[in-house]
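Biologist: I would like to understand how the words used for a structure follow from its values. Could we go through them one by one?

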Amino acid sequence: MIDPQTTAADVELGRLVRRLPKVQLHCHLEGTVRAETFRALAAERGVDSERARGTLEATYAFATFREFLLTFAEVCKTLQRPEDYARLARDYVVDAAAQNVRHAELFISPSVWTFFHEDLDVRETVAAMRAVFDDEGARRGVTVALICDLTRNFGVERAFDTARVAVGLAEAGFGVVGVGLGGDEANFPPALYREPFDFARAHGLHAVAHAGEAAGATSVRDAVEILGAERIGHGVRALEDPAVVDLLVSRRIPLELCPTSNRLTGAVAAGSPHPIAELDARGVVCTVDADDPALFSTTLDEEYRIAGRACGAAALVRFAANAIDASFASPRRKASLRRELSAAAGLETNPA
Ligand SMILES: [Zn+2]
């Protein structure tokens, strides 16, 4: 039976989520390709993909983290030219604006692009995306910065090459603000990537890392202490060691929490509640995101609703504020976003 009170609360929560100006800190651009677009690109570009041949519903169905990584790779195989990425950038800005996303720091994975398409010119591709982010973003009120993922699976040398690419793109004015570390965490621990991260930070880039998703709390500690990560992607398994939770709290290292992703990849055990409420209660700086929204059949708004049901409306406003503070936006942009958030949250408590 549907509880009318629960439903009313859910409707109210949905309204709040729509109204909140949002900052997106953990979203992979390649993971925003809609299933329809992936299938169309596969056909246009002649990519033989079993996924693109099955039913639409099965396109992005997967059961393990490894299968997910393979799906991500298949999507990247269909993205072959700068104009494909420009198309993706345009779709992203349209979808983001529709959810009242006001600032985004998107992951891009150039080493995955060139792994599949050696001839792809990374600089030309990022320039094509930048033009769209600037034009379409200005039109729709969304600012977009980029974080280059060093992609652990390809090993340290290639990660170093990508760090150099990231620095070059930042110096060329393409809005690259940091480096990240995604991919196969269980087999490629943070410590391997100390040098590329040192290099990127020495050249003025910010550092973030996926950790505590497919590996335990030590991975989170090492991402912070060895790589100098300023934010942690996921980090849910920090809870396996209270000392690592204390580290996150004392250094105010934000976690980018993506509930649906964690459920689908098994980072949070099936049947267990997502630990966002527990992490928040322990004083960890929590933010909410969608990771690879298209691949996970979710949206940022939906992830906010999930977090809101677990933690309540007041916490949701706090998570939105945390994302503004944790972003690498300029102090002026942050101040403007905070004003917008106060106005939106004020409406919640005082509709008059
Ligand atoms: Zn991610």
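Biologist: Which atoms coordinate the zinc ion?

Modeller: In this model, which is predicted, the zinc ion is held by NE2 of His-26, NE2 of His-28, NE2 of His-210 and OD of Asp-291, at 2.1 to 2.2 Å. A donor has to be an N, O or S atom within 2.8 Å of the metal, so these atoms qualify.

Biologist: What makes the arrangement of the four donor atoms around the zinc ion irregular?

Modeller: The angles that the donor atoms subtend run from 86 to 172 degrees. Tetrahedral would require all angles to lie between 85 and 135 degrees, and because the range reaches 172 degrees, the arrangement does not meet that condition and is called irregular.

Biologist: Where in the chain do His-28 and Asp-291 lie?

Modeller: His-28 belongs to strand S1, whereas Asp-291 sits in the loop between S8 and helix H14, and the two are 263 residues apart, so that the pair links distant parts of the chain.

Biologist: Why is His-28 called buried?

Modeller: Buried means under 20% relative accessible area, and His-28 has 7%, so the word applies. Asp-291, at 3%, counts as buried by that cut-off as well.

Biologist: Why do strand S1 and strand S8 stand at the edges of the sheet?

Modeller: The open sheet has eight strands in the order S1-S2-S3-S4-S5-S6-S7-S8, with parallel pairing. Strand S1 (22-28) and strand S8 (286-288) each have a single partner strand, so one side of each lacks a neighbour in the sheet.

Biologist: How do you know that S7 and S8 are paired?

Modeller: Two strands pair if at least two bridges are found between them, and three bridges join S7 to S8, so the condition is met. One residue of S7, Leu-255, has Cys-286 as its bridge partner in S8.

Biologist: What makes the contact of Glu-136 with Arg-139 a salt bridge?

Modeller: The limit is 4 Å between a side-chain nitrogen of Lys or Arg and a carboxyl oxygen of Asp or Glu; the closest N and O atoms of this pair are 3.0 Å apart, so the contact counts. Glu-136 and Arg-139 are three residues apart in helix H7, and therefore separated by about one helical turn.

Biologist: Are Glu-136 and Arg-139 buried or exposed?

Modeller: Glu-136, with 8% relative accessible area, is buried, while Arg-139, at 62%, lies over the 50% cut-off and therefore counts as exposed.

Definitions and conventions. Residues numbered from 1 in each chain as written. Predicted model: local features only at pLDDT ≥ 70, side-chain atom pairs only at ≥ 80, totals over all residues. Heavy atoms only, no water. Helix = DSSP H or I, 4+ residues; strand = E, 2+ residues; numbered from the N terminus. Donors = N, O, S within 2.8 Å, 3.2 Å for Na, K, Ca; no water. Tetrahedral: all angles 85-135°; square planar, octahedral: opposite > 155°, others 65-115°. Buried < 20%, exposed > 50% of the residue type's maximum accessible area, 1.4 Å probe, protein only.
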